[in-house]
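Grab a pencil and work through these short exercises with the model open beside you. Each one sets a task and then walks through a solution.

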Amino acid sequence: MENEIVNILCMKWGKKYTANDVNILFSMVQRNLSLPFRFVCFTDDKRGIRSEVECFDIPEIDIPEKKAVSPWKKLVMFKKDLYDLKGKALFLDLDIVIMDKIDCFFDHSEKFTIIENWTQKGEGIGNSSVYCFEIGKYSEVYEYYQNNFVEVTDQYRNEQIYLSKKIGDIEFWPDSWCKSFKRHSIPPYLIRYFVQPKKPEGVKILVFHGNPKPEDAIKGGFYGNIFKYIKPCKWIEENWK
């Protein structure tokens, strides 16, 4: 991949995430990627996003009203013509923390590569927080969805199950590269009141799906209810900036 420009893609819509989340993701990529790159955010509101980030409107996609706030919108990444973007792309959710160098994500495979979903091991299903693909190569994912979106959203619980099954011949990242903060860092109940969350060995990207978010982990305390507690996690703060 030397001297080839690669793409980092992310999305921000609605009120769940802010311009600051995009800006922090850009900073983490800048520190941890040595390859020349374009950083693109597909968004409905570019206000406050730093100038180094290219902001594009989110391409058109049909989503049933009852699922309008769900991640189905992420399937626009698989459009055949995605503005002027070409070549390899690494898609990153905004609720991740990059812990180590990420050049290896572009060199790992020529196949569509994704996290093996931690709750569905052995079922061939990815977690779409971090995946790498060739732009335009998997346009059938988007096209079939657009032509059959009611059927697809009724058949599949979420977009990552659909895209994993639709592509079929997928590869997963090495197990240590992408870990879940919730599943792999937070100590078991009771112990978590006395022991700080740990950094998983060999992790490159830590995923904060659901709650807590990185800012919650940094502050520590309760999140959600009295059974959900974590001690302040300063090693997150060292990386999430």
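**Exercise 1. Work out why helix H5 counts as largely enclosed by the rest of the structure.**

Solution. Start with where the helix sits: H5 covers residues 159–167. Helices here are DSSP runs of H or I with at least four residues, strands are runs of E with at least two, and both are numbered from the N terminus. Next, go through the burial of its residues, where buried means under 20% relative accessible area, exposed over 50% and partly exposed in between (1.4 Å probe, protein chains only). In this predicted model, local features need pLDDT of at least 70 and side-chain atom pairs count only at pLDDT 80 or more, while totals for chains, interfaces and linings use all residues. Residues are numbered from 1 along each chain as its sequence is written, and side-chain values use heavy atoms, with hydrogens and water left out.

The buried ones in H5 are Glu-159, Gln-160, Ile-161, Tyr-162, Leu-163, Ser-164 and Ile-167. That makes 7 of the 9 residues of H5 buried, so the helix is largely enclosed by the rest of the structure. Last step: find the partners. The buried residues of H5 pack against E6, E7, helix H3 (139–147) and helix H4 (149–155), contact meaning heavy atoms within 4.5 Å.

**Exercise 2. Trace the open sheet and say which strands sit at its edges.**

Solution. Read off the order first: 7 strands run E3-E2-E1-E4-E7-E6-E8, with mixed pairing. Two strands pair if DSSP finds at least two bridges between them. Strand E3 (54–56) and strand E8 (171–172) are the edges, each pairing on one side only.

Now zoom in on E1 (residues 6–12). On one side, E1 pairs with E2 in the parallel sense over 7 bridges, and Asn-7 faces Arg-38 in E2. E1 also pairs in the parallel sense with E4 (residues 88–92), over 3 bridges, and there Ile-8 stands opposite Leu-90. Helix H1 (residues 19–32) packs on the sheet, touching E1, E2 (37–43) and E4, and its direction makes about 165 degrees with that of E2. For such angles, axes are lines fitted to C-alpha atoms, for helices over the stretch in contact, and values run from 0 to 180 degrees between N-to-C directions.

To finish, check E2 itself: 6 of its 7 residues are buried, so E2 is largely enclosed by the rest of the structure.

**Exercise 3. Describe where Leu-206 sits and what surrounds it.**

Solution. Begin with the element: Leu-206 belongs to strand E10 (residues 205–207). Then check its exposure: Leu-206 has a relative accessible area of 0%, so it is buried. Leaving aside neighbours within four places in sequence, its contacts include Asp-95, Ile-96, Val-97, Met-99, Phe-181, Trp-235 and Ile-236. For a distance across the fold, try Ile-115: the C-alpha atoms of Leu-206 and Ile-115 are separated by 11 Å, and these residues are 91 apart along the chain.
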